[in-house]
Amino acid sequence: MSKKMEKNLNEENKHAMEMEMESKKDIEKKATTEPDDESDDEEEEGRFRIVPNATTISNDHPHLFPKVYRFYFNLVKDIEIEINRVGPSFPYHPSVYLHKAHSCHSLYLNYFIRKHLATKHDVELTDHRTETVIEEPDRFETGTNPKLKAALEKHYKIFTDRNTKAIDVHYSVKVVSLSHTIFFHYEIPKGEFHAYYENLLAIVKYLDSLVYNTVEINPCTGCEYFNGDANIIFDGEVVFQIKTSRFFSLECNDPFIRKEKFSQLALYSFGYYKRTGKKILKLVIYNPLLGCEYVLQLNDIDYEQFEEALDRDVTLLQLLFPMSSESDDSDDTKKSE
């Protein structure tokens, strides 16, 4: 590990300890409003027990979850990130800037990848958020916009058809991806945005080069400590997450990708282990815009220690705020850069 990276991690660890005394008000606000691509909180008599989302923990763990942060810090401190160029780089299409559609563009590529992998591996493809905004329109914009509802119904059938390919029905994929934004009551773009067709072809080429036997698409990887849905799990051995960004580091103000970007994936590994007993040690982030693949190969994970850290941090959070209103959280609704 480079001296600069070690210094950064040490500074962040020190900052984490200083932030443990953050006010209850700030803790409650962050714990219940952080966007995240996760399953919904459990309802209890109109109120909701705080079960944080995996992205909440990964984004705020120095502040809200210090024991989890220290565990993760020790887990990855001697491991280097492997960076692979797996395709050409592309800019955002001008329409993305025109309609401020960065988040929707990111979701579009995410759904495009899901669709292609489902066809490649011949597995069923569904999306509960799309189905919800269609079946329960009174709760969403589809209730006041019948044309939108009809379009989602039409294109969802195409999207879930095993006989269609993502590259051939990319417009349908884009329409269906809007349901994610609608589900979380965010505003959809005023005009149509696009991704470069060559970018979609490059994504297909990369995905076809992967030599995995099985795929789980958007599987539930949550547990009693957090809610979470991974993007993809390959062969029960690889957590694969899609992060679209025009920045190599996935952050606008950082020249290097940080190991903290993989903490969300480590949580999914823990949740998957709790559900299946299978240990996932390979964590992969794919940036389809820049054609980059980032790999963090762990040597091992002590899931018992991981659980102890989660249990202590989450229990403290729940003791401070035992009930809270439900927050609609989604990692993919964050604005991409």
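Me: Why do Cys 220 and Cys 223 not count as a disulfide?

Reply: Look at the sulfurs in this predicted model. The closest cysteine sulfur to that of Cys 220 belongs to Cys 223, and the two are 9.0 Å apart. A disulfide needs sulfur atoms within 2.5 Å. The pair is therefore too far apart for a bond. By this rule the count of disulfides is zero.

Me: What makes Cys 220 partly exposed?

Reply: Its relative accessible area is 32%. Partly exposed runs between the 20% limit for buried and the 50% limit for exposed. The value of 32% falls in that range, so Cys 220 is partly exposed.

Me: And Cys 292, is it buried or exposed?

Reply: Buried. The relative accessible area of Cys 292 is 2%. Buried means under 20%, so this cysteine qualifies.

Me: Why is His 105 called buried?

Reply: The value for His 105 is 1%. The cut-off is under 20%, so His 105 is buried. This histidine sits in helix α6, residues 102-121.

Me: Which residues does His 105 touch, leaving out those up to four places away in sequence?

Reply: They are Tyr 92, Val 96, Phe 193, His 194, Ala 195, Thr 244 and Leu 289.

Me: What makes α7 roughly perpendicular to α9?

Reply: The axes of α7 (residues 128-135) and α9 (residues 170-183) cross at roughly 70 degrees, and they come within 8 Å. Roughly perpendicular covers 65 to 115 degrees, so α7 and α9 fit the term. On the α7 side, the contact is made by His 128, Arg 129, Thr 130, Thr 132 and Val 133. On the α9 side stand Val 176, Ser 179, His 180, Ile 182 and Phe 183. These residues divide into four nonpolar, five polar and one charged.

Me: Why are α11 and α12 also described as roughly perpendicular?

Reply: They pack at about 110 degrees, with axes 11 Å apart. That angle lies within 65 to 115 degrees, so α11 and α12 are roughly perpendicular to each other. Ala 266, Leu 267, Ser 269, Phe 270, Tyr 273 and Lys 274 of α11 meet Tyr 303, Phe 306, Glu 307 and Leu 310 of α12. The contact divides into seven nonpolar, one polar and two charged residues.

Me: Where does α11 lie relative to the strands?

Reply: Helix α11 (residues 263-276) lies across β4, β5, β6 and β7. It runs at about 140 degrees to β6.

Me: Why are β3 and β4 called edge strands?

Reply: The open sheet has six strands, in the order β3-β8-β7-β6-β5-β4, with mixed pairing. β3 (82-85) and β4 (215-217) each have a single partner strand, so one side of each has no neighbour in the sheet. On average, neighbouring strands are turned by 20 degrees against each other, direction ignored.

Me: What makes β7 and β8 a pair?

Reply: At least two bridges are needed for a pair. β7 (residues 282-287) and β8 (residues 292-297) have six, in the antiparallel sense. Six meets the requirement, so they pair. Leu 283 stands opposite Leu 296 in β8.

Me: Which residues, beyond four places in sequence, does Glu 237 contact?

Reply: Glu 237 is in contact with Ile 280, Leu 281 and Lys 282. The glutamate lies in the loop between β5 and β6. Glu 237 and Lys 278 are 41 residues apart along the chain, while their C-alpha atoms are separated by 7.8 Å.

Technical notes:
Residues numbered from 1 in each chain as written. Predicted model: local features only at pLDDT ≥ 70, side-chain atom pairs only at ≥ 80, totals over all residues. Heavy atoms only, no water. Buried < 20%, exposed > 50% of the residue type's maximum accessible area, 1.4 Å probe, protein only. Helix = DSSP H or I, 4+ residues; strand = E, 2+ residues; numbered from the N terminus. Contact = heavy atoms within 4.5 Å. Axes fitted to C-alpha atoms, helices over the stretch in contact; angles between N-to-C directions. Parallel < 35°, antiparallel > 145°, perpendicular 65-115°, else oblique. Nonpolar A, V, L, I, M, F, W, Y, C, P; charged D, E, K, R; others polar.
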